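Here's a walk through a model, with the charged pairs up front and the chain-level numbers at the end. Have a look at it before reading on.

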Amino acid sequence: GEDAFLPAPQNISILSTNMKHFLTWTPVIVQGETVRYSVEFQGEYERVYANESWIPISECSLLTATVCDITGDISATVAYNLRVRAELGASRSQWGTLKGFFNRITTSLTPPVMKVVADGYHLLVELEDMGPAFQFRVLYWKKGQERRMQQKVVKEASSVVHLDTMEAGGDYCVKAQTYVEAINRSSSFSQTQCVRAQGDTSLW
Amino acid sequence: TAGNKIFHFGACRVSMSTTEIRAGFTAIKANIQARDPIRTLSILSYPHSLHKVKSPDRCCITHHLFDFYVDKVFKHCKTEDSFVNRKISSIANSFLSMKRKLGQCQEQNQCLCGQESTEKLKQILANYEGLNVTSAAMKSLGELDILLDWME
């Protein structure tokens, strides 16, 4: 039969959190049919030096979902264009293009998930592994001595981090933020967590 | 981590990361180098290695090599392989980021080209133009680690 007219996908937008970037759009509805989608990107290099060429994202070719993980292709801190079109059989819609550019520098950074542990007299922190792009700035202090706050920069969240050796029975507090060097930005600080060292403060 | 480094280009210091470029290049290095039939020639290292460049000339050489890759090399490296093309795009766009950062050195007049760097760049261009454009571009891309090692 005659190829159906397919409208271009609408409401194309980016969801970007903690350097993970997703392109989303609203579905194109054709009764009784499964519409598929294909996504392409164009970096500043393609726009300026390569005749405004577009590059298909193979993982998002003939996709039935209306979301595409573009993280792997947004790997430079430059302005990217993104577009998506609908496909049904031999029919292709026009391209729907993201309004405005996307630059990963705008990703939203959330405070890191952390767990503070008092292991006897040792103040430890466990940090969520957020990927190679992330470092952590950990601040810690003895309760009531905020002015003597100390800092530790953690480059890899792979294991438990030893922060300090605590005084017996002392209360110690910790908060942390992430830092992404590629975009030179930090998250806000996590909630402060406090723990108490073992032992009794009234020994003296 | 994707750690920035402080690069010293003569008097100029720039904080950049080559981690993502290296990751992109490592992912396609074997594929690209397999497309380079002429193993006896080098674009960047003939007749002298980049390592003989004096410190004051580093900024000029780096800046012009960035231009060389962006203006001449990447656009002639399109392949039939979507994965390779996407990695080349990633590298090319990262080069633009670095070019912009290196531009700071130029603004501070710390990226001047001396006699030696001018000769060196002429030699690289002669090496490049001595081959057909696709072979020259693929060979240059395949030598990216030579540039990155030298920069670091």
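## A buried arginine at the chain boundary

A:Arg104 comes out as buried, with a relative accessibility of just 3%. (Buried is under 20% relative accessible area, exposed is over 50% and partly exposed is in between, using a 1.4 Å probe and protein chains only.) The side chain of A:Arg104 pairs with that of B:Glu20 in a salt bridge, at 2.8 Å from N to O; the term stands for a side-chain nitrogen of Lys or Arg within 4 Å of a carboxyl oxygen of Asp or Glu. This pair crosses between chains: B:Glu20 is in helix 1 (residues 19-34) of chain B, while A:Arg104 is in the loop between strand 8 (96-97) and strand 9 (114-119) of chain A. Helices here are DSSP runs of H or I with at least four residues, strands are runs of E with at least two, and both are numbered from the N terminus. Unlike its buried partner, B:Glu20 is partly exposed, at 25% relative accessible area.

Some housekeeping: this is a predicted model, so local features need pLDDT of at least 70 and side-chain atom pairs count only at pLDDT 80 or more, whereas totals for chains, interfaces and linings use all residues. Residues are numbered from 1 along each chain as its sequence is written, chains are lettered from A and ligands numbered from 1 in the order in which they are written, and side-chain values use heavy atoms, with hydrogens and water left out.

## Salt bridges inside chain B

Over all chains, the structure has 18 salt bridges. One of the pairs within chain B joins the side chains of B:Asp36 and B:Lys139, again 2.8 Å from N to O. Here the link is between distant parts of the chain, with 103 residues separating B:Asp36, in the loop between helix 1 and helix 2 (55-73), from B:Lys139 in helix 5 (residues 133-142). Both of these residues are buried.

How far apart are B:Lys122 and B:Glu119 along helix 4? They are 3 residues apart in that helix (residues 115-129) of chain B, so about one helical turn separates them. Their closest N and O atoms are 3.9 Å apart, which makes the pair a salt bridge. B:Lys122 is exposed at 53% relative accessible area, and B:Glu119 is partly exposed at 39%.

## Where the chains meet

In terms of residues, 21 from chain B are in contact with 26 from chain A, where contact means heavy atoms within 4.5 Å. The size of an interface is often given as the accessible area lost when the parts come together. For chain B and chain A, that buried area is about 1900 Å², with 43% of it on carbon and sulfur atoms; the figure is the accessible area (1.4 Å probe) that two parts lose on being put together, summed over both.

The rule finds 4 salt bridges across this interface. A:Glu44 and B:Arg100 form a salt bridge through their side chains, at 2.4 Å from N to O. A salt-bridge network also links A:Glu59, A:Asp73 and B:Arg86.

There are 14 residue pairs in polar contact across the interface, both residues at pLDDT 80 or more. (That's N or O atoms within 3.5 Å; within protein, one must be able to donate a hydrogen and the other to accept it, and sequence neighbours count only if both atoms are side-chain atoms.) On the chain B side, helix 2 and helix 3 (82-107) each supply at least two residues. Helix 3 gives the most, with 12 residues. By class, that side of chain B has 5 nonpolar, 10 polar and 6 charged residues. Nonpolar covers Ala, Val, Leu, Ile, Met, Phe, Trp, Tyr, Cys and Pro, charged covers Asp, Glu, Lys and Arg, and polar takes the others, Gly among them.

## Chain B as a whole

Chain B has 6 helices and 2 strands, and from the N terminus on they run β-β-α-α-α-α-α-α. Its C-alpha trace spans about 40 × 35 × 20 Å along the principal axes. Of its 152 residues, 51% are buried. Among its contacts with a separation of 6 or more, 82% come from residues 24 or more positions apart.

For a residue-level view, take B:Ser140 in helix 5, buried at 0% relative accessibility. Leaving out residues up to four places away in sequence, B:Ser140 touches B:Ile43, B:Phe68, B:Tyr69, B:Val73 and B:Tyr128.
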